[in-house]
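Got your viewer open? Here's a short walk through the model, one selection at a time.

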Amino acid sequence: MIRHALKLVWSRKRGSMLLIGEIFIAFLVLFTVIAMSVIYGQRYFQPLGFDYQNIYCVGMNEANWTQEWDQEMHNNLVSMVRELRTLPEVEAVSISQPLPFGMAWWTSSLEYNKKEIEINATRLSLEGQDLYKLELVDGRWFSEDDLTLEWEPIIVNQAAAVELFGTESPVGKRLDGDDDKRIVGVVREFRHRGQFSKPSPSVIYFTPLEVKTDESIRQLAVRVAPGTPASMEQTLTSVVQHHMGAEVTVTINSLDNVRKNGLKSVLVGIVIAALIGGFLLIMVVLGLIGVFWQSVTRRTEEIGLRRALGSPRTSVYKQIITEIILLTTIGMALGILLILQIPLVGMFPILSWGNVIPSLLVSMLIMVGLAVLSGMYPAWMASRIQPAAALHYE
């Protein structure tokens, strides 16, 4: 039957090519929607590398902070942190710039042996490991002894370590550049840009609370004990406002709420893209039904003659469905050949073999299902054509 279907498709080349072209475009649209869902799904279930529960974000802002961060401001900050640490509910306090899951992020670069990589950066202080419960896999965390070093200690994640040093341990290595930076530790992961962010190299710079730097400190993170009531937000606001001044605007929010808001903003874009893709697919399905219906109408003489020669209704139905699957397969094959070029040439780094292959398999199953669904009614109509219908044609 497949061989016969190929002959029928070839005999109607013009109409078949138009249908194949429509299936080809529909397959590309379907693959795009499925691929983005697979990519974001894979990212969502990958480990963040840190714990965001029971953490409050403390944001401080003032119009006059466009000036340099002076010693008085820093002293107020230190006294404020000391009081926060005396609260029985507080387990850890650390500078955290930028805060995880926020809309702002900071990228830096690291270079070793003339190889330079772009890297996500953040600043944490001594209690940063306890704050986020980061897992060290090599080396150590920052310590008070680092305050007296003549070089800058940094901590990287495993992705950065592998990209710069391969299988070699990076601990103790001095990085290229004008500044003397050396790696003292490696954490397993720190995807502070969120659950939909791509796992990528990260670096943590040491920013001690006890020593004033030129950087203004506007963001802190506070870990509290599990079960701490929501009234803790008011307590934190009062302490920060008392030490930093009434002119400073203080915002307190749980890190989990920040995470949920970030997820919503990303999910809105995904839902919009899915709705657009779904609308296009519905239009394609309706178009396929119309094309198949028209094809059956034009083939009334052929189908009626087959019925007159004794072909049963089931055979006619199977023939139409086989032709539909064949046309769909040809259209998908063209799409697959195009899609496979993307990971081969590295056109879009976001698309790798790990997400292209499952996306292709799911898209193929859905596309065949949609095509068969589109052709079921026209095939049923064809199977209902009576042998006498062929007599109306000369």
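**Stop one: the greasy patch**

Start with helix H10, which gives the most to the nonpolar patch, with 3 residues. Before you click further: this is a predicted model, where local features need pLDDT of at least 70, side-chain atom pairs count only at pLDDT 80 or more, and totals for chains, interfaces and linings use all residues. Residues are numbered from 1 along each chain as its sequence is written, and side-chain values use heavy atoms, with hydrogens and water left out.

Now select Met36, Leu344, Val345, Met347, Phe348, Ile350, Trp353, Ile357 and Leu361, and you have a nonpolar surface patch of about 850 Å². Two or more residues each come from helix H9 (313-345) and helix H10 (353-383). (Helices are DSSP runs of H or I with at least four residues, strands are runs of E with at least two, and both are numbered from the N terminus.) To qualify for a patch, a residue needs over 30% relative accessible area and no salt bridge; nonpolar side chains (Val, Leu, Ile, Met, Phe, Trp, Tyr) are joined within 5 Å, like charges within 9 Å.

Zoom in on valine 345, which sits in helix H9. Valine 345 counts as exposed because its relative accessibility is 55%. The classes are buried under 20% relative accessible area, exposed over 50%, and partly exposed in between (1.4 Å probe, protein chains only).

**Stop two: a charged cluster**

Next, pick aspartate 180. Which residues does it pair with in salt bridges? One is arginine 174, with the closest N and O atoms 3.0 Å apart; another is arginine 182, at 3.2 Å. Together, Arg174, Asp180 and Arg182 are joined into one network by salt bridges that share partners. (A salt bridge here is a side-chain nitrogen of Lys or Arg within 4 Å of a carboxyl oxygen of Asp or Glu.)

Colour that trio by exposure: aspartate 180 is partly exposed at 22%, arginine 182 is partly exposed at 28%, and arginine 174 is partly exposed at 40%.

Then add lysine 181 and aspartate 179, whose side chains meet in a salt bridge at 3.4 Å, N to O. Lysine 181 counts as buried at 15%, whereas aspartate 179 is partly exposed at 48%.

**Last stop: zoom out**

Show the whole protein as a cartoon and you'll find 10 helices and 10 strands. Of its 394 residues, 44% count as buried. Switch to a surface view: the accessible area is about 20600 Å², with 60% belonging to carbon and sulfur atoms (Shrake-Rupley method, 1.4 Å probe; for residues, only the protein chains shown count as cover).
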